[in-house]
There are 2 protein chains.
Amino acid sequence: MNKFELHILGCGSALPTMQHAPTAQVLNVREKLFMIDCGEGTQLQFRRARLRFNRLNQIFISHLHGDHCFGLIGLISTLGLLGRTGDLVIHAVADLEKLLRPQLDYFCKDLSFQVIIKPFDHTKHEVIYQDRSVKVSTIPLDHRVACAGFLFEEAENDLHLDGAAIKFYNIPIKDLAGIKKGADYIAEDGQVILNNRLTKPADASRKYAFCSDTAYKEDIIPIIQGVDLLYHEATFLEEDKARARDTRHTTARQAAQIALKANVKKLMLGHYSSRYSDDSLFLDEAVKIFPHTILANELLLEKL
Amino acid sequence: MNKFELHILGCGSALPTMQHAPTAQVLNVREKLFMIDCGEGTQLQFRRARLRFNRLNQIFISHLHGDHCFGLIGLISTLGLLGRTGDLVIHAVADLEKLLRPQLDYFCKDLSFQVIIKPFDHTKHEVIYQDRSVKVSTIPLDHRVACAGFLFEEAENDLHLDGAAIKFYNIPIKDLAGIKKGADYIAEDGQVILNNRLTKPADASRKYAFCSDTAYKEDIIPIIQGVDLLYHEATFLEEDKARARDTRHTTARQAAQIALKANVKKLMLGHYSSRYSDDSLFLDEAVKIFPHTILANELLLEKL
């Protein structure tokens, strides 16, 4: 099965602590690494997760609060020292250009690669990246500053070959790639063997939705409907619901309500406020609404 | 004895690794904390060292390479979240203002305290900070960019009271503070008791010199002459001497030569290049020249 797995590098909130690093994740799609957010120290968490810098493909920054982007300059500086040559594309709101570029120009003068900042419109749900493996679109969120989540949709997987049938019909190797994509087989004598005789169904394409930071927002439900995994912020507990509303954050209970209404397969909570000493409080609150909930934690690897 | 002790928060070089964090130190002088350099992740190392953010007094930045200053914005942001009120003074070359201020204006808009950047002239050895406990002066260094080390000189310590003499002469408590500062005692009947009858010598004032990053530079020797502790960078081993020269760094052997010629009491090496797997190679090389050498390491506490 193709890789589609999520590494949590940090799941704390504004105040980095010894328990939680600030927000950063890496989604590994078929060995391409997509980074989501990049709080201070992300490059070190990346190393700790034993990820490979040369596999890093695109970076998606949800919003320009420090706990989601202060690690960019250090990461880029390190990529330079490691001799990266491929362009690095960062998707973010437009302000990142004016904030990051002067830093790059000063600290990373002789960079061996281009840093391309592609601005997105955080108010729209639209595709901002696509390749043969994955499509990424924005999810408009409701935070104190311009903020978007990201929906990662795996491209269609190849059909599985039916080994016995391939052998029985004596299909040449050169034709297998086409058959995996859905082609029928036409023998030299003109006989047609339909694709469904030669293959078994492809693995389902997987979807991952990242939603942080945001107030409770039902508008996102149609976008994240039925995803395999929803990461939703749960900065607060329900007892601090008013504070969550005022700061445009979510409680664990609210995150679970979103998961339930969107009928997702699994919910992962994160972005815990440092005011609570015990993360399990978030889980306790959420599972009452949506049982299939797990807690993000540093260096957690979740295979979708 | 008054505190005068050094916490190493990071002693790696440009490339942060799982072995070494980028450069950052804290000198505790009588419970005031003076930070030297602030690489990415310093705020977390500060927590790990169990230091108290509200004791942080002044920050000294040797030069504007990322591994010495990328942690500033995150640290300041955290100080804001913690509700700091006292001014934070950062001593650095003038460029820091234009680099850091736009970041502060964007990410730390409602800061509860002032960040004051005091530029220094890295080409001169001059006093840039002084209070009742300590005097800090710059040490011009030779690096690829404008760079200065820092000499911390403890203020004169109070004389120790001679308990038996104080009792014998029946000195009132109200006079003790003056006597500790060197005053004679004049009794009500006019009798003068000389200070040296009432006191024992004060503890010697201690000196700490931080020299990183720099090529081998004998000009610093008169400035750091006889200091209690010299932290000197040793990015390379002697086998990479040419590389050290080209990149304006020092080898462990050269650092030891400086220590020897400056007749310092103790040498601490740091700023190790990540190319070497074993830090003890630096020590082996240095002790042949200057035996009283130790290796910096994360969370090392060195009492002077």
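Me: Why is the contact between the side chains of Lys98(A) and Asp95(A) called a salt bridge?

Reply: The term requires a side-chain nitrogen of Lys or Arg within 4 Å of a carboxyl oxygen of Asp or Glu. Lys98(A) and Asp95(A) have an N to O distance of 3.6 Å, so the pair qualifies. This is a predicted model, in which local features need pLDDT of at least 70 and side-chain atom pairs count only at pLDDT 80 or more, while totals for chains, interfaces and linings use all residues; side-chain values use heavy atoms, with hydrogens and water left out. Residues are numbered from 1 along each chain as its sequence is written, and chains are lettered from A and ligands numbered from 1 in the order in which they are written.

Me: What separates Lys98(A) and Asp95(A) along the chain?

Reply: About one helical turn, because they are three residues apart in helix α4 (residues 95-107) of chain A. Helices here are DSSP runs of H or I with at least four residues, strands are runs of E with at least two, and numbering starts from the N terminus.

Me: What makes Lys98(A) exposed and Asp95(A) partly exposed?

Reply: Exposed means over 50% relative accessible area, buried under 20%, and partly exposed in between (1.4 Å probe, protein chains only). Lys98(A) has 55% and therefore counts as exposed. Asp95(A) has 28%, so the middle class applies.

Me: Which residue forms a salt bridge with Asp131(A)?

Reply: Lys32(A), with the closest N and O atoms 2.8 Å apart. The two partners are 99 residues apart in the chain: Asp131(A) is in the loop between β7 (127-130) and β8 (134-140), Lys32(A) in strand β3 (residues 32-38). Asp131(A), at 18% relative accessible area, is buried, and Lys32(A), at 28%, is partly exposed.

Me: How many salt bridges does a search of the whole structure find?

Reply: The search finds 38 over all chains. Among them is the one between Asp246(B) and Arg245(B), at 3.3 Å from N to O; both of these residues are exposed. Salt bridges with shared partners also join Lys3(A), Glu5(A), Glu31(A) and Arg55(A) into one network.

Me: Why is Asp213(A) called buried?

Reply: Its relative accessible area is 2%, so it falls in that class. Asp213(A) sits in the loop between β14 (207-211) and α8 (221-224) of chain A. Leaving aside residues up to four places away in sequence, Asp213(A) touches several residues, including His63(A), Asp142(A), Cys147(A) and Glu233(A); contact is heavy atoms within 4.5 Å.

Me: Which residues does the UniProt annotation "binding site" cover?

Reply: The unreviewed entry lists Asp67(A), His68(A), Asp213(A) and His271(A). They are spread over 205 residues of sequence but cluster in space, with a largest C-alpha distance of 10.7 Å. UniProt positions are given in the numbering used here, feature names are shortened, and annotations may be inferred rather than shown by experiment.

Me: How do you know how the two copies are related?

Reply: A turn of 180° and a shift of 0.1 Å along the axis lay chain A on chain B with an RMSD of 0.1 Å. The copies are therefore related as by a two-fold rotation axis. In chain A, the C-alpha nearest the axis belongs to Gly41(A), at 2.8 Å. The superposition is by least squares on the C-alpha atoms of residues with pLDDT of at least 70 in both copies.
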